[in-house]
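You asked for a colleague's reading of this model before it goes any further. The points below are numbered so that each can be taken up separately.

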Amino acid sequence: MLAAAQRLRRSSEFAAAVRGGRRAGRGNLVVHLTLPETTGSEDIAPKPARDGAEAESAPVSRAGFVVSKAVGPAVVRNKVRRRLRHLTRERLAGLPTGSSLVVRALPAAATSTYQRLGVDLDAALAAARSGRGRRHR
């Protein structure tokens, strides 16, 4: 399971990642990846967090999942969501700090194997990071 600080929770967070991020679809899913802006302040070292409130404000890579009713009944949707959550947790550390990732399952994900979902997620993340599938504004 993803830690609370690593999850997108609000609809505004999902909307920002979907609207402002790079989109790439591969196989049974589509990813929307928003990479952090480079502001030129990388040379300033962040302060170490002392308590829980400061730790929450530290930028971390975050992920959210969209599994619609088109995927199947609740049992199937939850199974797909659990699989995607586990696969994403393994890959979230490889994203730049401050990234937002939304993984949307397509209806075919209901019958897909765990390994196939992993291959599709890797391919979609690679495409989104390389700039292919970039949205034009």
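**Notes on the predicted model**

1. D122 and R91 are joined by a salt bridge whose closest N and O atoms are 2.4 Å apart. Since D122 belongs to helix α4 and R91 to helix α3, the pair ties together parts that are 31 residues apart in sequence. D122 itself counts as partly exposed, at 38% relative accessibility. As with everything below, this comes from a predicted model, and the contact should be read in that light.

2. For orientation, the chain contains 4 helices and 4 strands, and from the N terminus on its elements follow the order α-β-β-α-β-α-β-α. Of the 137 residues in the chain, 33% are buried. Among contacts with a separation of 6 or more, 81% are between residues 24 or more positions apart.

3. The count of salt bridges comes to 5. One of them joins E13 to R62, with the closest N and O atoms 3.2 Å apart, and this pair links distant parts of the chain, given that E13 sits in helix α1 and R62 in strand β3, 49 residues apart. E13 counts as buried because its relative accessibility is 17%, where the limit for buried is under 20%, whereas R62, at 23%, counts as partly exposed. Together with R10, the residues E13 and R62 are linked in a network of salt bridges.

4. Within helix α4, the side chains of D120 and R116 meet in a further salt bridge, at 3.0 Å from N to O. The two residues are 4 apart in this helix, about one turn. In general, an α-helix has 3.6 residues a turn, so residues three or four places apart point the same way. The partners nevertheless fall into separate classes of accessibility: D120 is buried, with a relative accessible area of 2%, while R116 counts as partly exposed at 42%.

5. Which residues of helix α1 are buried, and which are exposed? In α1, which spans residues 11–20, E13, F14 and A17 are buried; they cover an arc of only 100° around the axis, which puts them on the same side of the helix. S11 and R19 are exposed on the other side of α1. The buried residues of this helix pack against β2, β3 and β4.

6. Strand β2 deserves a paragraph of its own. It pairs with β1 (residues 22–26) in the antiparallel sense over 5 bridges, with R23 standing opposite H32 of β2, and it also runs antiparallel to β4, to which 6 bridges join it. In the pairing with β4, V31 has V103 as its bridge partner. Because 5 of the 6 residues of β2 are buried, the strand is largely enclosed by the rest of the structure.

7. The hairpin of β1 and β2 has 2 residues between the strands, and G27 takes a positive phi near 60° there. N28 is found in the loop between these strands and is buried, with a relative accessible area of 12%. A polar contact of 2.9 Å joins the side chains of N28 and S112. Leaving aside neighbours within four places in sequence, N28 is in contact with residues including R104, A105, L117 and also R116 and D120, the last two being the salt-bridge partners of point 4.

8. The largest nonpolar core has 24 residues, of which L29, V31, L84, L101 and V103 touch the most other members. The elements that give two or more residues to this core are β2 (29–34), β3 (62–67), α3 (74–92), β4 (100–105) and α4 (114–130), and α4 gives the most, with 6 residues. Such a grouping fits a general tendency: in soluble globular proteins, nonpolar side chains tend to be buried together.

9. L29 shows how this core connects to the features already described. Not counting residues up to four places away in sequence, L29 touches A24, L84, V103, L117, L121 and A124, among others. Its contacts also include D120, the buried member of the salt bridge within α4, and R104, A105 and L117, which are among the contacts of N28 as well.

Terms used
Residues numbered from 1 in each chain as written. Predicted model: local features only at pLDDT ≥ 70, side-chain atom pairs only at ≥ 80, totals over all residues. Heavy atoms only, no water. Core = buried A, V, L, I, M, F, W, Y, C linked by side-chain atoms within 4.5 Å. Buried < 20%, exposed > 50% of the residue type's maximum accessible area, 1.4 Å probe, protein only. Contact = heavy atoms within 4.5 Å. Pairing = 2+ DSSP bridges. Arc of directions from axis to C-beta. Salt bridge = Lys/Arg side-chain N within 4 Å of Asp/Glu carboxyl O. Polar contact = N/O pair within 3.5 Å; in protein donor to acceptor, adjacent residues only side chain to side chain.
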